[in-house]
Every structure is written in C-alpha cells, then in structure tokens.
Number of protein chains: 2
Amino acid sequence: MSEPKTTLTDAVHDLLRKAIIEQALKPGMRLPEDTVGEQFGVSRTIVRHALVRLEHEGLVVTRRNRGAFVAEPSRDEAQHVFEVRRCLENDVIRLLCERMPSNGFDRLQAHVRQEEAVKGKDGPVSIRLAGEFHVLLAELTGNPVLTRYVSEVVLRCSLIMSLYARSHSSDCAVDEHSQIIEAIRAGNAARAIGIMEHHLGAVAGRAELASEPDSIQSILSHYGKELAS
Amino acid sequence: MSEPKTTLTDAVHDLLRKAIIEQALKPGMRLPEDTVGEQFGVSRTIVRHALVRLEHEGLVVTRRNRGAFVAEPSRDEAQHVFEVRRCLENDVIRLLCERMPSNGFDRLQAHVRQEEAVKGKDGPVSIRLAGEFHVLLAELTGNPVLTRYVSEVVLRCSLIMSLYARSHSSDCAVDEHSQIIEAIRAGNAARAIGIMEHHLGAVAGRAELASEPDSIQSILSHYGKELAS
DNA sequence: TGATCGTCAATTGGATACAATTTGCTTGAT
DNA sequence: ATCAAGCAAATTGTATCCAATTGACGATCA
C-alpha cells in the first residue's frame, strides 16, 4: 500500500486548515464533528483531534457543548496577531542578514518567480503563496521554533485578511518581497526591516468588508476528494 | 453547580504540564496513555487530547505507535528556543515602555516580593515563580497572543534548564527582575532590553556549562569509533 | 398578548471496545 | 555464540456507544 506515513488526524487537520486559509470555510462557519467526519469518511474521534489542534493554532474556536467554529478574529485580536508577527518577522530578517544559508537566495527567488506567475489573480493560490514566502524566510533561519511561530501567525493573518480585507491584490506584495530579498542580500538589516514593516503595515491596513458564506457539505466534499483511499 | 467551568482535558493538561515543569516527570520519561489516565481517574481519550496539546507546546514528543515521552530538547533545540525567547521578550519590554498599565508596577513588585520570599531555595516553587515573572511581563502588554507565545517558550526553557542546568539559583535573577522593572519605569527601553539580554544570556549560559547528555548520534559516533573494525 | 417554564431534538463530552502496529523475546539454524 | 525469523505482549490508532449539556420550540399562565 502507498499508505501515507502520517495519521488520519494529520490529514484531516491539514485539509481543514487549507480549507480555512483558502477561504472555502469562512469565519464564523460551524464545524459539526459528525458532518465533517461524514464528509471525509472518518469518525468523529479524528475530527475532534484535528479541531483541538486547530483551536490551539487559533484558526477555530470551540464553545463548551456548542461545537467548533471557524475563528472570527476581532479587530483587537487582529491587532495582537499583527503585533506579534512584526516582532517575529523583524527578527527573522535580522537573523538572515547574519546567517543566510548558501542556497537561500536561490530558493527565495524561485518562490518569487512562482508568485509572479500568478500575479494579478486574487485566488486561493495567490493567498497561499504570499504566506509561504514569509514562512520560507523563517525556514531559512534554520530555527524550527521560530518557523513554527511565524507559520502560525501568518496563517492567522490569512484568516484575518479573509475577514477584513476586500482584496489581497498581491501586486505590491510581490514587489516588496523582491525588495526585501535585495535588502537582505546587501546585508542592510535596517532597510529590510523597514520594508517588512511597510509591507505588513500595508497588509494590515487593508481592512474593510467581507462576503457571504456557502454550504458546508459542498465545500468539504470538494476538499475530501484528496482523502479518497 | 460546583462543577468547574473547565473541561477535564484542561485539568489533565495543566496537571501534566505542572508535573513536567516541576521535574516530577523527568525528560525522556514515558507517558503511556492508560497509565496516566488510570492515575488521574479519566479515560485515555482525555489523556490523548492533553498529550496532543503538550506536544504542540513542545513539552512532549510522540512517536508513531510508540507513545508520548517528556521532551528531551537537544542543545540545538535549546538554542532555538532561547533565540525566540529573546526576540519575544525584547518586544515585550519595548511595548511596556510605551504602554505599561496603571497597576502594572504594583503587580510586578508584588511578584518580586514573592520571589524574594523563597530566595535561596532551589525548589519547584522557585522555578515556577521565576518563569511566571516573565509571563506576567507579557500579560501586562495586554496582548494575549504575545502572552501565549512567551508562556510557551518560558515553559520550554524551564524544561531545558531542568535538563542542562545544575542549579536554578535565582539569586541574581530576582535582582535582575527588579532592575528590569526600574528600567521600564524610567522609560529606558534600551537599558531594560540590555538587562533582559544579560538576564537571559546568564540563564542560557548556565545551561551551557552543565551536564553533557545530548544527541544519541554524537554519543554513538563517539563510541562507534571503537567499533570500526 | 407576552413572558416564563418545561420538554425535546441536536450536538458535544467522555468511555469503552476493537484493530493495527511496534517491540522484545524466544527459538531455531548456521 | 551470533544472527535471523517468528511469535506474543503491550501500546497506540480508530470507531462506536452512552451520558450530559445546550438551544429552541411550544404550552401554560398572568
């Protein structure tokens, strides 16, 4: 069997996270355990474990005896997440200016090329790539702890954007990504951090309206196809 | 109802965490689900959920079909945790210099008095209080996300100290805590951060010069030379 | 008519039972 | 004596089952 080395819980966890980040599951949407389990063809136990993790990551909230919901970060919460993200990402930049690995710039530029390939489109792929750039930066520091935290706040920011931003329009984002790379390459930490601050500030700045939801089953059935074993 | 508002999972989670931090459960120790559940009078389901969270917090590691163990951070991991901790705590200081809440200094000084009360003793209480000072600092920023992350790295540092440091002897620590408070009160962020860096550096430094047991690979590679035949 | 209380369906919280996987040990052959 | 193969015990992975809590609808009474 080509069975995956990972557990079912991991699979469901990843799928749900992906669905949330890509805005298929919108903030506030209910996530009943048996509905989800039914759609994915697994038992409630699995879904529960996945939901526990997602709650820990701040992507879902659970109310006692009420069930799980996709998180709806308030503006205050959003502010707090962005504050931590700035702190972490500035440190990432600082560290990379000291110890960028040899193949670091190649990997970064390859990623930017990917981003440019989907430039202009506002789809889920664009959102995912924009986030992954920052995670890649964190990875290059060689610090898994830092990478995990950056990963979490970036994911939460994606969720926040889906709530408050009217458009991801990553045009400027990609440009700024390139600028950050160049500033790091020049060893100019101050400038790189400045751009990053501006970059995040611009992202945080966009905060306006949202849209209306879709049925849970249809969404999950779409994502569940990957689980067909 | 005198029933607790929290769920059983939370209780077990807290208990296990406390036990790990206080070194009742030592690094590397096995945590079989049914044994733990038996001891606490709950089912495996609960223990499992708690273990999932603890793994997410980096206090336990789980191996597929092998079970959960109290984490044994390598020196590299320790380094990574300390690196993130410096980053986060420096930001805490920076934020507090801008917006310390009105009763902040009172709470901080009350805490330091507690620490001084157990000064000299190397028991679990001393370890816990030393960590809680830093969590309290983070709380005063009013940022729950930041507080959670600081909390996590501080806990992991406690675990690391229990592995590598020969003594917590928090004599200097308490002094430095007071110094940090005063620097913040003076609005001197640079000085406060400097003290914090020194404080954490001292803590991390103690971890360096302690016992030796680390990665299996290094041990095996050392002993393996004698086997090369 | 409106508010309050009681019953009921829905859903989660928790426990138990079963299956799959790993590990250690025994046993046998070289 | 060493090593390999296979069997058995222990432990986790997963599913199902029962109980407890919540929210809503509807009946009753002021």
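A polar contact is taken here as a pair of N or O atoms within 3.5 Å; within protein, one atom must be able to donate a hydrogen and the other to accept it, and residues adjacent in sequence count only if both atoms are side-chain atoms. The model is predicted, with local features requiring pLDDT of at least 70 and side-chain atom pairs pLDDT 80 or more, while totals for chains, interfaces and linings use all residues. Residues are numbered from 1 along each chain as its sequence is written, chains are lettered from A and ligands numbered from 1 in the order in which they are written, and side-chain values use heavy atoms, without hydrogens and water.

We can start with DNA strand D. A residue counts as near a strand if one of its heavy atoms lies within 4 Å of it. By that criterion, 17 residues surround DNA strand D, the closest being A:Thr7, A:Ser43, A:Thr45, A:Asn65 and B:Arg48. Of the atoms of this strand that come within 4 Å of the protein, 74% belong to sugar and phosphate. Several polar contacts can be picked out. The side chain of A:Asn65 places a polar atom 3.2 Å from a sugar or linking oxygen of DNA strand D. For A:Arg66, a polar side-chain atom is 3.2 Å from a phosphate oxygen of the strand, whereas A:Ser43 uses a backbone N or O atom, 3.1 Å from a phosphate oxygen.

Helices are DSSP runs (H or I, at least four residues), as are strands (E, at least two), numbered from the N terminus. At DNA strand D, at least two residues each come from α1 (8-21) and α3 of chain A and from α3 of chain B. The most, three residues, come from α3(A). Sorted by class, this surface holds three nonpolar, seven polar and seven charged residues. In this scheme Ala, Val, Leu, Ile, Met, Phe, Trp, Tyr, Cys and Pro are nonpolar, Asp, Glu, Lys and Arg are charged, and the others, Gly among them, are polar.

Turning to DNA strand C, 18 residues surround it, and A:Pro32, B:Thr7, B:Ser43, B:Thr45 and B:Ile46 are the closest. Sugar or phosphate makes up 71% of the strand's atoms within 4 Å of the protein, and bases make up the rest. One base nitrogen lies 3.3 Å from a polar side-chain atom of A:Arg44. Polar backbone atoms also approach phosphate oxygens of DNA strand C, at 3.3 Å for A:Glu33 and at 3.1 Å for B:Ser43. Two or more residues each are given by α2 (33-40) and α3 (44-56) of chain A and by α1 (8-21) and α3 (44-56) of chain B. Here α3(B) gives the most, with three residues.
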